Amino acid sequence: MKRIVFTLLVMAVWLNGQAQQSAADSTSMTTTASRFRIGGYGEANYTRNFYSDHVSRYSQPEAHKDDPSHGRFDIPHVVIYLGYDFGKGWSLGTEIEFEHGGNGIAYEKEDEEGGEWEQETEKGGEVELEQFWLQKSFGRWANIRAGHIVVPVGLNNAHHEPLNFFTVYRPEGENTILPSTWHQTGVSFWGRYGDFRYEAQFLAGLNADQFTNVGWIHKGHKSPLEFDIANKYGVALRMDNYTVPGLRIGLSGYYGHSIGNSYPNDANGIGATYKGKVVIGSIDFTYNAHNWIVRGQADYGYLGDADQLKYMYNRLNSKSPYKHSAFVSGNAYAVGIEAGYNIFSQIDCLRKHNQKMYLFGRFETYNPYASATKNTSYDYTAIKRMALGLNYHPIKEIVIKAEYSKRFLKNLYNNEPSLNIGVAYEGFFQLGHRQMIQKEQADVNRLNERINDLQRQLNELKSNK
């Protein structure tokens, strides 16, 4: 009997040691894994455009009203998130984006330059480090972030992931007049207090050499150089309120100078005389409750000294990457609203499995050339657009989209209908070593159960003795 008791005691001690070691290893791995985050989002789309893609479709609309339709497959965005929590309030965030299939060598037809073909060192898209920042958190109310960050001006930039809009492509108005996704290098202070979230950013200024008549400041944050020019500076502000359940209301804005924020710095030329002041104001909201999702925004922008941009050296030089022959507007606007209802909410078996099907409609109006510069107008830039479609969510992280949309232009031009189909995902992923950690934890639990069994046997032997 003593030998049996001794044997059980030794086994209990050994198993307890194994359990403690496994628990320690599991805790260490769990700590490391819980600090590391990986995720992302992506979109793959098909479009059939039932209108002309000819460069003179606006200058000669009658000649192209019966042109054949044209289709395309596209991968607008594939993004990888990587983040790590170092502890003591320090964290890292990165976002690598592949646009339109990545980079390579391609040709692009520049409609703004009369259909001129230009060779690009990218395959219709680009690979960008869209975010790279280090952050120090002092509390929920105070965080400082420095590096390459998203500029949250407008609804689209603050909420640009594909599960945050119904249409197959990003909302067209904001995506036309503002950078999308707008990302620049700078410093941000942000936090949340009560029902408010707030953020203030200090950034490099936009580059007026990149502004266009059909895109306003859309390309202003991009640099063809190995660095971002920072001769001039800008600030961005945003505040969101969450007081009403299911409703978020946001205000955002931007102020900065853009003329002279180019390379080389024309210290004695137009860049020294004019500022190119950029002012943007935006209000947006999202309502998500009672099986409805409703989103809307209104953006208005002002550009000072717009009539001087056409005559700047970089825009006149045919060898410059900034060559543009058209005037740029002093004003631009974009207003849009979309609403969708989850029709699966009325079907018990689908609602129980958390599947959703939103029937949605969207309307927007926008114009990147809202005011004539030196009495020169481009009336085809004034667009109204409607879209009707479906969003099917088989699971929370995936959506399948389909829509019919139509752009309504002024009577002089032909309207532009299209059919769009897309699939998208968004989420964070469980890593393989996290599954291993779960297995380790299960092993620890089994060892503890075995130890408890042995302890009970020892107690029984002692009592029988």
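## Exercises on a predicted model

Asp284 touches Gly154, Leu155, Arg238, Arg248, Ile249, Gly250, Gly296 and Gln297, leaving aside residues up to four places away in sequence. The model is predicted.

**Exercise 1. Place Asp284: which strand holds Asp284, and is Asp284 buried or exposed?**

Step 1. Find the element. Asp284 sits in strand 13, residues 277-289.

Step 2. Check the accessibility. Asp284 has 1% relative accessibility. Buried means under 20%. Asp284 therefore counts as buried.

Step 3. Look for a polar partner. The Asp284 side chain makes a polar contact with the side chain of Arg248, at 2.7 Å. Arg248 is also one of the residues that Asp284 touches.

**Exercise 2. Describe the cavities: how many of 30 Å³ or more does a search of the whole structure find, and what lines them?**

Step 1. Count them. The search finds two cavities.

Step 2. Take the largest cavity. Its volume is about 110 Å³. The lining has 14 residues. Nearest the centre of this cavity lie Gly205, His221, Asp228, Ile229 and Asn261.

Step 3. Sort that lining by class. The largest cavity has four nonpolar, eight polar and two charged lining residues.

Step 4. Take the second largest cavity. This one holds about 30 Å³ of space. Leu155, Asn156, His159, Asn164, Phe165 and Pro171 line the second largest cavity.

Step 5. Sort again. The second largest cavity is lined by three nonpolar residues, three polar residues and no charged ones.

Step 6. Link back to Exercise 1. Leu155 is part of the second lining, and Leu155 is among the residues that Asp284 touches.

**Exercise 3. Map strand 17: which residues form its covered face, and how many bridges join strand 17 to strand 16 and to strand 18?**

Step 1. Split the faces. Strand 17 spans residues 383-393. The covered face has Ile383, Arg385, Ala387, Gly389, Asn391 and His393. The uncovered face has Lys384, Met386, Leu388, Leu390 and Tyr392.

Step 2. Pair strand 17 with strand 16, residues 356-367. These strands run antiparallel, joined by 11 bridges. Gly389 of strand 17 stands opposite Phe360.

Step 3. Pair strand 17 with strand 18, residues 398-408. Nine bridges join this antiparallel pair. Ala387 has Ser405 in strand 18 as its bridge partner.

Step 4. Name the turn arrangement. Strands 17 and 18 form a hairpin, with four residues between them.

Step 5. Combine the steps. Gly389 and Ala387 both belong to the covered face. Gly389 faces Phe360, and Ala387 pairs with Ser405.

How values were computed
Residues are numbered from 1 along each chain as its sequence is written. This is a predicted model: local features need pLDDT of at least 70, side-chain atom pairs count only at pLDDT 80 or more; totals for chains, interfaces and linings use all residues. Side-chain values use heavy atoms; hydrogens and water are left out. On a 1 Å grid over the protein atoms alone, a cavity is a set of points where a 1.4 Å probe fits but cannot get out, and a pocket is an open set with protein on both sides within 12 Å along at least five of seven lines; lining residues have an atom within 4 Å of a point. Grid points are joined across faces, edges and corners, and a volume is the space filled by probe spheres set on the points. Ala, Val, Leu, Ile, Met, Phe, Trp, Tyr, Cys and Pro count as nonpolar, Asp, Glu, Lys and Arg as charged, and the others, Gly among them, as polar. Buried means under 20% relative accessible area, exposed over 50%, partly exposed in between (1.4 Å probe, protein chains only). Helices (H or I, at least four residues) and strands (E, at least two) are DSSP runs, numbered from the N terminus. Two strands pair if DSSP finds at least two bridges between them. A polar contact is a pair of N or O atoms within 3.5 Å; within protein, one must be able to donate a hydrogen and the other to accept it, and residues adjacent in sequence count only if both atoms are side-chain atoms. Contact means heavy atoms within 4.5 Å.
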